[in-house]
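Visitor: I have a model open here and would like to talk through its empty spaces and its aromatic rings. Could you walk me through them?

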Amino acid sequence: MTPDAYEDRIAALEAKIQSLEATVETRAVEADTFTWKGWLERYGLILAWIAIILILGFFKPAQMFAWNSYASMLGSNAMVVVLTLALIIPLTTGDFDLSVAATMGLSSMIIAVLNVQMGYPIGGAILIALMAGAVVGAVNAFFILYFGVFSLIVTLGTGYFISGLILWLSNSGTIAGVSMDLVRAVILTRVLGIPIGFYYALILTGVLWYVFQHTALGRRMLFVGRGREVARLSGVNVVKVRAGALIASSVLAAFAGVLYTGMRGAADPSSALAFLLPAFAAAFLGSTAIYPGRFNAIGAFVAVYFLSTGIMGLNFLGVDSFVQNLFYGGGLVVAVAISQLIRGRRPMDG
């Protein structure tokens with residue numbers, strides 16, 4: 001590269017940095033200025049959630065307006081909230097993680113095998129399951145960052161590899177009889193009638209919201225997701241941020257497996273995979289609310305329960321179970337389309 005070409009490239013990158021900083025400042029000013037359009041963008045999903053409760057409640061008031069229905073729904077979907085939070089961490093840095101559901105299943109199966117078949121105390125089994133999640137994240141990070149393979153391909157492969165590992169560990173069967181201490185710590189203990197697992201998910205949502213919105217780490221993650229080359233030239237250690245996001249994602253997915261095991265008192269080799277699509281749908285739907293245009297914890301939390309309320313209402317109406325797939329699949333496509341419109345239809349290649 002000639003010196004003139006090199007100088008031109010540096011000048012172009014500096015212009016990109018200035019443009020990005022100006023965009024961030026403009027959006028910050030816009031966020032502080034109240035407009036009805038902005039307000040509806042931020043809270044439209046919450047309004048839609050209220051509307052769907054009222055519409056379905058018109059047809060099934062006894063079920064839709066009963067507190068017990070929502071207490072059960074809030075508790076039983078806590079692991080979906082955690083799984084969705086796990087997804088939005090690498091999505092923020094521009095990476096996909098398709099292995100989160102398999103990691104959740106692996107964590108669940110490790111706990112069952114160690115606790116039920118090998119007699120490990122439940123605390124030790126949970127710790128090993130979380131460490132296994134960290135190993136999955138490190139493996140994903142190694143192949144994505146060292147070899148430069150697209151994250152979608154790597155995590156799709158590791159997800160299938162883990163699914164095979166789960167079948168081998170379980171001998172393709174369900175393992176029941178997990179310690180009641182875990183069941184009590186997740187679902188039997190209730191506050192205001194809601195299983196305590198819901199509050200774990202609520203606390204994690206608050207922690208992730210604080211990290212994303214109020215820490216330098218959160219700003220660096222957003223910066224990396226918006227433009228890796230610009231972030232690198234600005235002094236951000238892009239490799240370290242992306243690797244940390246992938247490992248944190250897998251550890252959170254493993255924690256979702258802990259909640260899943262506690263809710264059922266058992267582990268089976270395949271059911272966790274069914275939560276991948278709902279988690280993706282909630283992650284992208286959540287990116288259209290609260291902080292439109294970016295993956296955010298509160299938006300993801302609201303989106304999970306918006307979708308869950310819809311499924312619950314359809315079940316009350318006696319709709320066939322296949323509608324659940326239509327609801328989640330359609331929701332994912334619509335949410336991604338809206339998210340892209342808000343992002344200005346920029347390519348989703350990180």
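**Pocket, cavity and rings**

Visitor: Let's begin with the second largest pocket: how do its lining residues divide into nonpolar, polar and charged?
Guide: This is a predicted model, and in it the lining of the second largest pocket divides into nine nonpolar residues, six polar ones and no charged ones.

Visitor: And how much space lies in that second largest pocket, and which residues are closest to its centre?
Guide: The second largest pocket holds about 320 Å³ of space, and of the 15 residues lining it, those closest to the centre are Asn77, Phe275, Ile311, Gln324 and Tyr328.

Visitor: Which elements give two or more residues to that lining?
Guide: Those elements are α4 (67–76), α14 (276–286), α15 (297–316) and α16 (322–342), and the one that gives the most to the lining of the second largest pocket is α15, with four residues.

Visitor: Okay, on to closed spaces. How many cavities of 30 Å³ or more are there?
Guide: The count comes to one cavity of 30 Å³ or more, and about 40 Å³ of space lies in the largest cavity.

Visitor: What lines the largest cavity?
Guide: Its lining is made of Ile311, Leu314, Asn315, Val319, Asp320, Ser321, Val323 and Gln324, with α15 and α16 as the elements that give two or more residues to it. Here α15 gives the most, with three residues, and by character the lining of the largest cavity divides into four nonpolar residues, three polar and one charged. Ile311 and Gln324 are thus in the lining of the largest cavity and also among the residues closest to the centre of the second largest pocket.

Visitor: Switching to rings: how many aromatic pairs does the structure hold?
Guide: The structure holds 13 aromatic pairs, and one of them is formed by Phe142 and Phe143, edge-to-face, at 5.3 Å centre to centre with 75° between the planes.

Visitor: Are those two rings buried or exposed?
Guide: Neither word fits, since Phe142 counts as partly exposed at 41% relative accessibility, and Phe143 is likewise partly exposed, with a relative accessible area of 36%. Phe142 and Phe143 also belong to one aromatic cluster, together with Tyr146 and Phe147.

Visitor: What about Phe198 and Tyr305, why is that pair edge-to-face?
Guide: The ring centres of Phe198 and Tyr305 are 6.0 Å apart and their planes stand at 65°, so the pair is classed as edge-to-face, the angle being over the 60 degrees required for that class.

Visitor: Which parts does that pair tie together?
Guide: Phe198 lies in helix α10 (residues 197–214) and Tyr305 in helix α15, so the pair ties together parts that are 107 residues apart in sequence. Both Phe198 and Tyr305 are buried.

Visitor: Staying with α10, what does Thr205 do there with its side chain?
Guide: Thr205 has its place in helix α10, and its side chain reaches the backbone oxygen of Ala201 at 2.8 Å. Thr205 counts as buried because its relative accessible area is 4%, which is under the 20% cut-off.

Visitor: Which residues is Thr205 in contact with, leaving aside its neighbours within four places in sequence?
Guide: Those residues are Val81, Leu85, Ala297, Ile298 and Phe301.

Visitor: Last one: is Leu202 buried or partly exposed?
Guide: Leu202, which also lies in helix α10, is partly exposed, with a relative accessible area of 37%. The C-alpha atoms of Leu202 and Ala78 are separated by 8.4 Å, although these residues are 124 residues apart along the chain.

Methods:
Residues are numbered from 1 along each chain as its sequence is written. This is a predicted model: local features need pLDDT of at least 70, side-chain atom pairs count only at pLDDT 80 or more; totals for chains, interfaces and linings use all residues. Side-chain values use heavy atoms; hydrogens and water are left out. On a 1 Å grid over the protein atoms alone, a cavity is a set of points where a 1.4 Å probe fits but cannot get out, and a pocket is an open set with protein on both sides within 12 Å along at least five of seven lines; lining residues have an atom within 4 Å of a point. Grid points are joined across faces, edges and corners, and a volume is the space filled by probe spheres set on the points. Ala, Val, Leu, Ile, Met, Phe, Trp, Tyr, Cys and Pro count as nonpolar, Asp, Glu, Lys and Arg as charged, and the others, Gly among them, as polar. Rings of Phe, Tyr and Trp (its six-membered ring) pair if their centres lie within 6.5 Å; planes under 30 degrees apart count as stacked, over 60 as edge-to-face and the rest as tilted. Buried means under 20% relative accessible area, exposed over 50%, partly exposed in between (1.4 Å probe, protein chains only). A polar contact is a pair of N or O atoms within 3.5 Å; within protein, one must be able to donate a hydrogen and the other to accept it, and residues adjacent in sequence count only if both atoms are side-chain atoms. Contact means heavy atoms within 4.5 Å.
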